[in-house]
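Colleague: Before I rely on this model at the bench, I would like to learn how its features should be read. Could you take me through them one at a time?

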Amino acid sequence: MLGLMQHQELMISAIVKHAARHHPNGEIVSKTTEGAMHRYNYREFEARSRRMVRVLQGLGVGWQDRVATLAWNGYRHMELYYAVSGMGAIIHTINPRLSVPDIAYIVNHAEDVLVFSDTTFAPLIGAAAPHFGKHVRGVVIMCDRANMPAVKLPDGMPLYCYEDLMDATDDTYIWPEFDERTAATLCYTSGTTGRPKGVLYSHRSTLLHAFSGGMADVMGLRASDRVLPVVPMFHVNAWGIPYGALMAGATLVMPGRFLDGANMTALMNDEKVTMSAGVPTVWLGLLQHLQKSGDRLGSMQRLMVGGSACPRMLYEGFDAYGVRIYQGWGMTEMSPVGTYNAPKPIHDGLSLDEEYKVRIKQGRALFGVDMKIVDDNGAELPWDGLKSGHLSVKGPWVTNAYYGDEPGSALDADGWFATGDVAAIDPEGYLEITDRSKDVIKSGGEWISSIQLENIAVGHPDVAEAAIIAATHEKWAERPLLLVVPKQGHTIDKASVLAIFDGQVATWWKPDDVVVIDELPHSATGKIQKLALRDKYKNYLLDK
Ligand code: ADP
């Protein structure tokens, strides 16, 4: 017997309809590329999103066509999120920090039919467009007529102005309902190894991820929140915030291209932001700004950090400002959030030091996600918080295949997706990522966590950034080598840096040497590119 309940497909358009009807005064506030503030409410936003569907239809966008964006976090990008998915097409957000060949590769791999671009990326479009295939029918610049940049496109590829197109149409569109498993958004992993690979989310996976991500022990989004996603809308759908915030009726504050500490502090205070999310480097920049300027964050309550491990000094730094950091872990293949770190009753009464040791873990699984760790032979390992193994995950917002591949081809026989991360899980289910599989250091057959060593190294007062790589060693096969970038105006004393590990890790974990360099290479999502470093320094200990 089936339950006697109404059936509704889980549609992304249902979110914007809900926001407009039940939170008409919730707002999207945007710092535009030109620097001025733009604000409107969810009712106006929903009407403009429907108007954008009319624009897309007018440009020939049809069922399941891919529409690309190269854009900052802002209201026009939000309109495209809802218009493109809502009409049954697929929004493909592109990371503008990728190289021109990578951008051209993914536009062609996705067979995008239109490319929308903020004015900032007009030069990038000019460089990439000659390499776009015939499927690209035009480029739309996301501005009004007055701000249109000059862009040279190949013959036969028209250039449009977003606001001109909007002015020339109407908002009579009615959102359709269709199968919730239909593809809605497409995001490529940044391809730290090999070519970028596409992950194709559905309406259903997007809504379930947003429901779970909004829960009290995850982002805990409320109508009274004012949320500033620093994480870009081109980095795994800004971790689901463009959906979750509207479900909750929270106001969204969009920073555009203004992501430095001073601008962010001003925007957070002016707009009374209560919650924000971003990668550790962003919060490091903000913290340094606060410490230097003496500014405070007046309304901010909590920061979500993810994308890379968050060092203890960031928790301590923001605690001093009355702002609490929460860590999440995930990946493009997981929509992206898989775990979030919120305390359990068992953590009541911990000493401050013990509390930090729990808080710097990546957290426990969201409802909907299951995880396990296995050894090199695939045997499941216990959750003792000590043994590290290869991490696999399952869940309705975890991918089963990369775009263009056979459905199910990214899973093992039991339906698990191998994350490529190495982790330990404690008896309470808190995940601690120790490495990417390819970055782990195998010293005499034992594993050393590069993440744990990096977290300790950045606690040294002279160190701005640190990376640990596996250097080839005659006796132990691999040994940890520490690469550090000094803080501006500081010099590095190697012995003092090495001394910081004493008492914090087993003696055999201590790096064999320290190399001081001017800067570390970063990927398009701000992660340290260890592959490049390993290529350069893997023989450092042998050559010494
Ligand atoms: P890319 O940046 O390569 O496109 P993702 O953003 O999907 O890819 O990155 C996913 C990876 O980032 C994870 O598999 C993990 O290694 C790392 N990661 C994400 N969050 C955390 C975290 N909180 N702590 C440590 N590593 C993390």
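Colleague: In what order do the strands of the four-stranded open sheet run, and how are they paired?

Modeller: Please keep in mind that this is a predicted model, in which local features need pLDDT of at least 70 and side-chain atom pairs count only at pLDDT 80 or more, while totals for chains, interfaces and linings use all residues. Residues are numbered from 1 along each chain as its sequence is written, and side-chain values use heavy atoms, with hydrogens and water left out. Strands are DSSP runs of E with at least two residues, helices are runs of H or I with at least four, and both are numbered from the N terminus; two strands pair if DSSP finds at least two bridges between them. Here the order is β17-β18-β19-β20, with antiparallel pairing. The edge strands are β17 (370-374) and β20 (431-436), each of which pairs on one side only.

Colleague: How many bridges join β19 to β20, and which residue of β20 stands opposite Asp421?

Modeller: Five bridges join β19 (residues 417-425) to β20, and the two run antiparallel; Asp421 stands opposite Arg436.

Colleague: Which residues are closest to the ligand?

Modeller: A residue is counted as near the ligand if one of its heavy atoms lies within 4 Å of it. By that rule 18 residues surround the ligand, and the closest are Thr332, Asp421, Arg436, Thr525 and Lys527. Strand β14 (residues 324-330) gives the most to this shell, with four residues.

Colleague: Where does the ligand lie with respect to domains 1 and 2?

Modeller: Domain bounds come from an automatic or database domain assignment. Domain 1 (12-18 + 38-222) and domain 2 (343-436) both give residues to the shell, so the ligand lies between them.

Colleague: Which side chains have an N or O atom at a short listed distance from a ligand atom?

Modeller: A polar contact is a pair of N or O atoms within 3.5 Å; within protein, one must be able to donate a hydrogen and the other to accept it, and residues adjacent in sequence count only if both atoms are side-chain atoms. An oxygen atom of the ligand is 3.0 Å from such an atom in His235, a nitrogen atom of the ligand is 2.9 Å from one in Gln327, and an oxygen atom of the ligand is 2.5 Å from one in Lys527.

Colleague: What is the order of the nine-stranded open sheet?

Modeller: The order is β2-β1-β11-β10-β12-β13-β14-β15-β16, with mixed pairing. Because β2 (37-41) and β16 (364-365) stand at the edges with a single partner strand each, one side of each is left without a neighbour in the sheet. Five bridges join β1 (residues 27-31) to β2, which run antiparallel, and Ser30 has His38 in β2 as its bridge partner.

Colleague: Which backbone exceptions should I look at?

Modeller: Most residues other than glycine have a negative phi, and most peptide bonds are trans. In this model, Gln64 has a positive phi of about 65° although it is not a glycine, and Gln64 is found in the loop between α2 (42-58) and β3 (66-70). A cis peptide bond, with omega about 10°, joins Ser335 and Pro336, and Pro336 lies in the loop between β14 and β15 (337-340).
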